[in-house]
Amino acid sequence: MLPYAAYLRVYEPLTAFTESERKVWAEYAESRDRPRRANALQAEHGESVMRLIGTPPHPAPSQESPNAYLRRVEDRLYVCPWQTRLRSWLAFSRLRGSTSVKLLDRFVPNAIAEQTADDFDRFKRTGGSSALRTHIRTTAWHVPPSWFIPFDGNERWLVLGPMPAQDLTTTTGRNLIYVTSMAQARRRSARALQVLRKHLGDVASGLDVEDIARWLEEFHPHSLVELDYGGLVHLMDDDALQADQSVAELSAALTGLDTGQEELAFAMYQRVILRWKSMQHLESAN
């Protein structure tokens with residue numbers, strides 16, 4: 001869990017889970033001890049930090065998290081499990097695959113790294129491919145353009161609150177979130193793929209839209225999809241947050257591309273790309 005991260009989440013209706021899981025999540029929703037939405041990111045981040053600064057560090061928890069993000073629409077409960085252990089395993093696998101053994105050993109002793117990999121391999125053998133499905137995707141220092149595709153500009157929910165002075169996980173009430181139905185998310189993703197393939201051909205495959213579309217198909221058709229700017233809102237002042245219309249701009253770019261307005265399409269796409277490229281540069285700034 002990084003403080004400067006954004007999240008793409010899927011909330012499935014309670015009916016999408018097995019009978020035993022439904023019972024667990026229904027009881028969880030009524031619990032007074034569960035982390036509330038206001039401090040859930042702080043709780044997740046705190047758990048990760050404690051594991052990684054321990055001696056020895058633990059890249060993944062020994063047990064899966066019992067927590068979840070919850071949403072209620074009228075009388076219907078939607079659940080987005082944290083899946084901290086699975087997400088940690090996947091993130092560590094990516095890190096291990098892109099980092100030299102010598103460098104990785106400075107952060108995680110080789111014996112711990114090997115044990116973590118073995119635990120994950122054992123989980124994959126017993127759980128099957130469906131067990132690797134995560135309800136949450138995370139990205140640090142930016143929001144990928146493909147994450148904007150499933151949403152509409154009118155689904156934007158912005159709350160301006162004070163920026164924390166030091167602790168970037170402290171709850172400030174500062175949020176930028178989009179929420180939509182799975183049906184709308186799939187329709188918009190399919191439309192974007194159609195437009196991109198028609199006008200860009202093979203180039204479209206490199207934009208990750210197809211990956212997002214396939215991921216959305218793995219969930220219950222009556223789910224909710226949420227884009228949460230998470231800790232990124234602490235890198236943006238009020239003016240920057242109010243001016244951020246990335247979803248609407250990317251939608252305009254696709255419409256422009258499909259209607260032959262190439263200058264409009266390019267201008268809108270460039271606004272989105274340059275906004276988030278400047279954000280990514282902060283990762284290496286002093």
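Student: In this predicted model, does I53 count as buried or exposed, and at what relative accessibility?
Tutor: The cut-off for exposed is over 50% relative accessible area. I53 therefore counts as exposed, at a relative accessibility of 57%.

Student: Which helix holds I53, and which residues form a nonpolar surface patch with I53?
Tutor: I53 has its place in helix α2, residues 37-53. The patch has about 340 Å² of accessible area in total. I53's partners in this patch are M50 and L52.

Student: Where do the buried residues of α1 lie around the axis, and what arc do they cover?
Tutor: Helix α1 runs over residues 19-30. Its buried residues are W25, Y28 and A29. They sit on the same side of α1, because their arc is only 100°.

Student: Which strands do the buried residues of α1 pack against?
Tutor: The face turned away from the buried side carries exposed E19, S20, K23 and E30. The buried residues pack against β2 (68-73) and β3 (76-81).

Student: What span should helix α10 have at 1.5 Å a residue, and how far apart are its end C-alpha atoms?
Tutor: Helix α10 has 19 residues, 262-280. The expected span is 27 Å. The end C-alpha atoms agree with this, at 27 Å.

Student: Why do the buried residues of α10 line one face of the helix?
Tutor: These residues are A265, M268, V272, I273, R275, W276 and M279. Seen down the axis of α10, they line one face because they fall within an arc of 155°.

Student: Which helices are included in what covers the buried residues of α10?
Tutor: On the other side of α10, E262, E263, F266 and L274 are exposed. The cover over the buried residues includes α8 (238-243) and α9 (246-258).

Conventions. Residues numbered from 1 in each chain as written. Predicted model: local features only at pLDDT ≥ 70, side-chain atom pairs only at ≥ 80, totals over all residues. Heavy atoms only, no water. Helix = DSSP H or I, 4+ residues; strand = E, 2+ residues; numbered from the N terminus. Expected span 1.5 Å × (residues − 1). Buried < 20%, exposed > 50% of the residue type's maximum accessible area, 1.4 Å probe, protein only. Arc of directions from axis to C-beta. Contact = heavy atoms within 4.5 Å. Patch = residues over 30% accessible without salt bridge, like charges linked within 9 Å, V, L, I, M, F, W, Y side chains within 5 Å. Areas by Shrake-Rupley, 256 points an atom, 1.4 Å probe, with all protein chains shown as cover. Salt bridge = Lys/Arg side-chain N within 4 Å of Asp/Glu carboxyl O.
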